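Biologist: I should like to learn how the features of a protein model are read. Could we take them one at a time?

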Amino acid sequence: WLKPFWLKSFWPEPFGRRPLHPSHSWAISGHIAQARSCRGRCLARMSVSVAEVEVDGHQSAENSTDEDEEKMYPWWKAALIALPQMGVQVMWMFLGPNTTPYLKSLGATEAQATLNNSAGPIVGFFVGPLVGAWSDQSTSKWGRRRPIIVAGLVSTLVAGILYSGAEQIMGKGNGLYLAAVMQWVLDFTVNAMQTPFRALVSDLVAPKQQRPMQIFFSVVCAVGGFIAFSIMKMYAISIHHMLELMSVVLAINVVCVGAALSVATEKQYVRTGNVSKSVCGPLAGMSAGFKGMPKAFYLLLFISCLVWMGNTVWGAYGKVWFTHTVFPGNPEAAQGTLEHDVYVVGADAFSTAGQIGSIFQLPLALAFMGLSLTKIPSHLIYGPCILVGAVVCFLSAFLVGHSNVLATICFVLSNVPLTAAGSIPYAIVAVWSQAAVQAGNVGSVAMQMAILNCCITVGQQICTMTLGGLESYEQVDPALRDLFIISTAANAVAGVCAFFLACGSAGPAAAKASTDTSDESDDC
């Protein structure tokens, strides 16, 4: 018993001398195999952990808590990927003021030309959400966004040529119906092409880049607007040269999309849940856009409808207002007559006002980008901008008259609510969407932005139907004045409601998100 403990046997002597039974050998072998398996699993977990930590060939410390080391997407690449929005803006700003006079020049009545503008709102209302849901669920090896953008671009090229060259294709006096139908098709293709633009940027950039990049879209839109108004100044009466001008617009879109796709890279999306593969799958997936979003999201949708009713007055009927009310002319009057010359002057004044407005929109968008980097909540920026639109519509209805200077000032100031509505709501939704993803919901940013686009189409349709109804019993001038009055009321209500967005409260989803995302949503 005095032996050291490391030499002392703890088992009875008989057991220590007894030879091992075959069953004992099997048990020991099993324990050894289990130990080896456990060691293999541990090594595998360690290798997986290392693989997850490794990003773009760099390894970050597994226990690192420094959130400032979050990988930022290159700003120059993000800017290039946002460039296609400039091409689409050139398209919309070119089509908006010219669709009504173009159809009238082909033989349509005032009311028919106006009501055919329902193509954009109606098509956009359905195409945006469907394409957004399809894009979110796509498992294409080329990515979720890029195939849709390419398909939309190709179809837009075909539809644009058929729309603008209707008279050349069908013969003089026979192009009305082809142009009217292709206007609907063109609205379909452009809406399909532009739906994934913002979502592609949102997919690639870091959370801290979301708000600046969504507002950067206003910068490219300002440049696109200036280009569009400059294109309209190439000819005295642009509607008589639609094919040539549309060809320039389409070429710009090809260049912009090509530049974006040259740097944008996507990985194949892998679905995490069971998604219906039926034709109605995208339609059923639309409900995912509302999951995890705060209640303020619904108020934001209501505000967008009202704001875009006021914005559509300028985007779709600003040229009609300039060439019929401010400058009462007639594009179909004989060349050299007073009505023809007045129309030419009015059209040129409209294009000049548009160029000034686009130049003004550029620093305005940059100012919004700067404010997005501060702690000022976005709804406190958005509300006053909308109220500016109410004041501008009021002045246009009761004060402008035939004054070119006042008309130009009002048109330039109309860019304040236009720029705000084209950037701030998307920035808010991008932050809310990432908070919802952090809380465990499926990412549906394309769907959510498509829902915002739906609200744009609702406002556009209300504006178009209102003007079409007014024109059915009164002339263009009083109808436009009444439309400005209605738009004043719509913008006033939207501006007041914007102060109640309280977008600093991102709902329960944000509360479950990571600290960085929660802080970002608090500043939205």
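Modeller: The following turns go from the overall fold to particular residues and their contacts. Please bear in mind throughout that this is a predicted model.

Biologist: How many helices and strands does the protein have?

Modeller: The protein has 22 helices and two strands. Of its 524 residues, 52% are buried. Carbon and sulfur atoms supply 67% of the exposed area, which is about 24,200 Å².

Biologist: What share of contacts between residues at least 6 apart in sequence join residues at least 24 apart?

Modeller: That share is 83%. One case is A78, found in helix α3 (residues 75-81). The C-alpha atoms of A78 and V205 are separated by 7.2 Å, although the two residues are 127 apart along the chain. Leaving out residues up to four places away in sequence, A78 touches Y73, V201, V205 and M213. With a relative accessible area of 1%, A78 is buried.

Biologist: How should a pair of aromatic rings be described?

Modeller: The description rests on the distance of the centres and the angle of the planes. The structure holds 13 aromatic pairs. In one of them, W314 and F484, the ring centres are 5.1 Å apart and the planes stand at 50°, so the pair is tilted. This pair links distant parts of the chain, with W314 in helix α13 and F484 in helix α20, 170 residues apart. Both residues count as buried, W314 at 7% relative accessibility and F484 at 2%.

Biologist: Which geometry do the rings of W321 and F484 adopt?

Modeller: Their centres are 5.3 Å apart and their planes lie at 70°, so this pair is edge-to-face. Because W321 lies in helix α13 and F484 in helix α20, the pair ties together parts that are 163 residues apart in sequence. W321 and F484 are both buried. The two tryptophans and F484 belong to one aromatic cluster, whose other members are F229, F322, F350 and F411.

Biologist: F411 also belongs to a helix. Which residues of helix α16 are buried?

Modeller: In α16 (residues 404-413), the buried residues are A407, T408, C410, F411 and V412. A general point helps in reading such a list: an α-helix has 3.6 residues a turn, so residues three or four places apart point the same way. The buried residues of α16 pack against α10, α13 (296-326), α14, α15 (378-398) and α17 (415-421).

Biologist: Let us turn to charged side chains. How many salt bridges does a search of the whole structure find?

Modeller: The search finds three. In one, the side chains of D348 and K233 meet at 2.7 Å, N to O. This pair links distant parts of the chain: D348 is in helix α14 (residues 338-372), and K233 is in the loop between α10 (210-232) and α11 (242-261), 115 residues away. Both partners are partly exposed, D348 at 40% relative accessibility and K233 at 31%.

Biologist: What are the N to O distances in the salt bridges of E110 and D482?

Modeller: For E110 and K104, the closest N and O atoms are 2.7 Å apart. For D482 and R481, the closest N and O atoms are 3.5 Å apart. K104 is partly exposed at 26% relative accessibility, and R481 is partly exposed at 40%.

Biologist: Polar side chains can also be examined one by one. Is T189 buried or exposed?

Modeller: T189 counts as buried, at 5% relative accessibility. This threonine is found in helix α9 (residues 176-204). Its side chain makes a polar contact of 3.1 Å with the side chain of T156. A polar atom of the T189 side chain also lies 3.0 Å from the backbone oxygen of L186. Beyond its neighbours within four places in sequence, T189 is in contact with G152, S155, T156 and A159.

Biologist: Finally, which residues make the nonpolar surface patch of about 530 Å²?

Modeller: The patch is made by I376, L380, L387, V496, F499 and F500. F500 lies in the loop between α20 (476-498) and α21 (507-511). With a relative accessible area of 62%, F500 is exposed.

Methods:
Residues numbered from 1 in each chain as written. Predicted model: local features only at pLDDT ≥ 70, side-chain atom pairs only at ≥ 80, totals over all residues. Heavy atoms only, no water. Salt bridge = Lys/Arg side-chain N within 4 Å of Asp/Glu carboxyl O. Buried < 20%, exposed > 50% of the residue type's maximum accessible area, 1.4 Å probe, protein only. Helix = DSSP H or I, 4+ residues; strand = E, 2+ residues; numbered from the N terminus. Polar contact = N/O pair within 3.5 Å; in protein donor to acceptor, adjacent residues only side chain to side chain. Contact = heavy atoms within 4.5 Å. Patch = residues over 30% accessible without salt bridge, like charges linked within 9 Å, V, L, I, M, F, W, Y side chains within 5 Å. Areas by Shrake-Rupley, 256 points an atom, 1.4 Å probe, with all protein chains shown as cover. Phe/Tyr/Trp six-rings, centres within 6.5 Å; stacked < 30°, edge-to-face > 60°.
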